[in-house]
Structures are given as structure tokens and as C-alpha cells.
Amino acid sequence: MCGKDNLRLRYVADPVSRVGYLDAWCDDCFRGVHVSRVSVPDGVRFTPFGECEEGDVPNYTTVN
Ligand SMILES: [Zn+2]
């Protein structure tokens, strides 16, 4: 986004199907994207539905 290398990712997904959504944002300028339907890649950690907590993701500005 801003050229800094501070991209953060958070997957929230169904523990069985591993389908869910992704928040990706920059920790410097707090701009990011929300992807509403993704499959979590093998080996990538994710938060099961219902276990995500307030404050996990900053209130970033969505860009396309
Ligand atoms: Zn940035």
C-alpha cells in the first residue's frame, strides 16, 4: 500500500472446510483489504469462526 513492508494478515475460517474470510492490512498506514470468501492455504494459521476477538484487527481503511 504505502510501500512499507508491514502487511499483516488474519484469516478467520471454518475449522473443517477452511473456508472463510481474510483481513489484510498495513500496520503503518492502516489501509487494507477485506476478502469475503477465501480458502486458507495449507500450513497457514487461522482463527476459527466464533473465536476472533475485538481488537485483533485494527480499524483500517479499506482500499481496492
Ligand atoms: Zn502502508
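In the predicted model, Asp27 is partly exposed, with a relative accessible area of 27%. The side chain of Asp27 meets that of Arg8 in a salt bridge, with an N to O distance of 2.7 Å. Asp27 is located in the loop between β2 and β3 (31-39), whereas Arg8 belongs to strand β1, so this pair ties together parts of the chain that are 19 residues apart in sequence. Arg8 is likewise partly exposed, its relative accessible area being 38%.

The salt bridges in the model number 2. Besides the pair formed by Asp27 and Arg8, a salt bridge joins Arg10 to Asp23, and here the closest N and O atoms are 3.5 Å apart. This contact links distant parts of the chain, as Arg10 lies in strand β1 and Asp23 in strand β2, 13 residues apart. Both partners fall under the 20% limit for buried residues: Arg10 has a relative accessibility of 13%, and Asp23 has a relative accessible area of 7%. The pair of Arg10 and Asp23 is thus buried on each side, whereas Asp27 and Arg8 are partly exposed. Side chains of opposite charge can pair when their charged atoms come close.

The protein chain as a whole contains 0 helices and 5 strands, and its elements follow the order β-β-β-β-β from the N terminus. Along the principal axes, the C-alpha atoms occupy a box of roughly 35 × 25 × 20 Å. Of the 64 residues in the chain, 25% are buried. The exposed surface of the protein chain is about 4600 Å², of which carbon and sulfur atoms supply 46%. Among contacts with a separation of 6 or more, 55% are between residues 24 or more positions apart.

Strand pairing was examined next. β2 and β3 pair in the antiparallel sense over 6 bridges, and Asp23, the salt-bridge partner of Arg10, stands opposite His34 in β3. The same two strands, β2 and β3, form a hairpin with 4 residues between them. Within the turn of this hairpin, Phe30 has a positive phi of about 55°. β3 also pairs with strand β5 (residues 61-62), in this case in the parallel sense and over 2 bridges. The bridge partner of Arg31 in β5 is Thr61.

A zinc ion is bound by three cysteine residues: its protein donors are the SG atoms of Cys2, Cys26 and Cys29, at 2.1 to 2.3 Å from the ion. Along the chain, the donors follow the spacing C-x23-C-x2-C. Cys2 lies in the segment before β1 (7-13) and Cys26 in strand β2 (residues 19-26), so these two residues tie together parts that are 24 residues apart in sequence. The two cysteines differ in accessibility, since Cys2 is partly exposed at a relative accessible area of 35%, while Cys26 is buried at 2% relative accessibility.

The largest nonpolar core comprises 5 residues, namely Tyr11, Ala13, Leu22, Val38 and Val40. Within this group, Tyr11 lies in strand β1 and is buried, with a relative accessible area of 12%. Apart from neighbours within four places in sequence, the contacts of Tyr11 are Tyr21, Leu22, Val38, Val40, Pro41, Val44, Arg45, Phe46 and Thr47. This set includes the core members Leu22, Val38 and Val40. Ala13, another member of the core, touches Arg18, Val19, Gly20, Val40, Phe46, Thr47, Pro48 and Phe49, again leaving out residues up to four places away in sequence.

Thr47 is contacted by both Tyr11 and Ala13. Thr47 lies in strand β4 (residues 47-48) and is buried, at 18% relative accessibility. Although Tyr11 and Thr47 are 36 residues apart along the chain, their C-alpha atoms are separated by 6.1 Å. With residues up to four places away in sequence not counted, Thr47 touches Arg10, Tyr11, Val12, Ala13 and Cys52. Arg10, one of these contacts, is also the residue that forms the salt bridge with Asp23.

Note on methods. Residues numbered from 1 in each chain as written. Predicted model: local features only at pLDDT ≥ 70, side-chain atom pairs only at ≥ 80, totals over all residues. Heavy atoms only, no water. Donors = N, O, S within 2.8 Å, 3.2 Å for Na, K, Ca; no water. Buried < 20%, exposed > 50% of the residue type's maximum accessible area, 1.4 Å probe, protein only. Core = buried A, V, L, I, M, F, W, Y, C linked by side-chain atoms within 4.5 Å. Contact = heavy atoms within 4.5 Å. Salt bridge = Lys/Arg side-chain N within 4 Å of Asp/Glu carboxyl O. Areas by Shrake-Rupley, 256 points an atom, 1.4 Å probe, with all protein chains shown as cover. Pairing = 2+ DSSP bridges.
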